Amino acid sequence: MSETVLAIDAGTTNVTAMIIGADGQVIGKAASPYKLRYPKQGFVEQDPEELWNTTMTTVTRSLSEANLTTSDLSTIGITGQ
């Protein structure tokens with residue numbers, strides 16, 4: 001069984017995805033920004049669909065850099081703001 005981990009960090013303004021090998025080394029990494037909306041003073045919004053699409057694109061790029069597919073992963077860790 002693979003010991004490769006996908007780590008996703010969905011922050012305030014961007015998404016980072018890293019593929020970490022069994023030895024703890026990063027073997028693939030990608031980051032992508034997404035837009036914030038300011039509907040009125042003091043309010044900030046994120047479009048959940050844009051966040052999802054940005055996350056999927058970023059994960060795909062990190063897997064590609066590592067030359068892996070989702071079936072090569074043993075687990076996924078997700079952090080959010």
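1. A good place to start is Thr58: its relative accessibility is 0%, and because buried means under 20%, Thr58 counts as buried. This threonine is found in helix H1. Leaving out residues up to four places away in sequence, Thr58 touches Val15, Thr16 and Ala17, along with Ala30, Ala31 and Ser32. Please keep in mind throughout that this is a predicted model.

2. Ser62 makes a nice companion to look at next. Ser62 also has its place in helix H1, and it counts as buried because its relative accessibility is 0%. With residues up to four places away in sequence not counted, the residues that Ser62 touches are Leu6, Ala17, Ile19, Gly28, Lys29 and Ala30.

3. Val59 is another residue of helix H1. Its relative accessibility is 8%, so Val59 counts as buried. Once neighbours within four places in sequence are set aside, Val59 is in contact with Leu6, Ile8 and Ala17. If you like a distance to check in your viewer, try Val59 to Ala7: the two are 52 residues apart in sequence, and their C-alpha atoms are 9.0 Å apart in space.

4. Which residues make up the largest nonpolar core? There are 11 residues in all: Leu6, Ile8, Ala10, Val15, Ala17, Ile19, Tyr34, Val59, Leu63, Ala66 and Leu73. At least two residues of this core come from each of strand E1 (4-10), strand E2 (14-20) and helix H1 (48-66).

5. Strand E1 deserves a closer look, face by face. In a regular strand, side chains alternate between the two faces of the sheet. In E1, the covered face has Thr4, Leu6, Ile8 and Ala10, while Val5, Ala7 and Asp9 are on the uncovered one. From the covered face, Leu6, Ile8 and Ala10 are among the residues of the largest nonpolar core.

6. Ile8 is worth selecting on its own. Apart from neighbours within four places in sequence, Ile8 is in contact with Val15, Thr16 and Ala17, with Thr55 and Val59, and with Ile76, Gly77, Ile78 and Thr79.

7. How do the neighbouring strands run relative to E1, parallel or antiparallel? E1 and strand E4 (residues 73-80) run parallel and are joined by seven bridges; within E4, Ile76 is the bridge partner of Leu6. E1 and E2 run antiparallel, with six bridges joining them, and Asp9 stands opposite Thr16 in E2. E1 and E2 form a hairpin, with three residues between them.

8. Now for the overall layout. The protein chain has one helix and four strands, in the pattern β-β-β-α-β when read along the sequence. Its C-alpha atoms fill a box of roughly 50 × 20 × 15 Å along the principal axes. Of contacts between residues at least 6 apart in sequence, 48% join residues at least 24 apart.

9. On burial and surface, 28% of the 81 residues in the protein chain are buried. The accessible surface comes to about 5400 Å², and 53% of that belongs to carbon and sulfur atoms.

10. Last, the aromatic rings. How many aromatic pairs does the structure hold? The number is zero. There is a charge over a ring, though: Lys40 lies over the face of Phe43, at 4.5 Å from the ring centre.

How values were computed. Residues are numbered from 1 along each chain as its sequence is written. This is a predicted model: local features need pLDDT of at least 70, side-chain atom pairs count only at pLDDT 80 or more; totals for chains, interfaces and linings use all residues. Side-chain values use heavy atoms; hydrogens and water are left out. A nonpolar core is a set of buried Ala, Val, Leu, Ile, Met, Phe, Trp, Tyr and Cys residues joined through side-chain atoms within 4.5 Å. Buried means under 20% relative accessible area, exposed over 50%, partly exposed in between (1.4 Å probe, protein chains only). Contact means heavy atoms within 4.5 Å. Rings of Phe, Tyr and Trp (its six-membered ring) pair if their centres lie within 6.5 Å; planes under 30 degrees apart count as stacked, over 60 as edge-to-face and the rest as tilted. A charge sits over a ring if NZ of Lys or CZ of Arg is within 6 Å of the ring centre and within 35 degrees of the ring normal. Two strands pair if DSSP finds at least two bridges between them. Accessible areas come from the Shrake-Rupley method with a 1.4 Å probe; for residues, only the protein chains shown count as cover.
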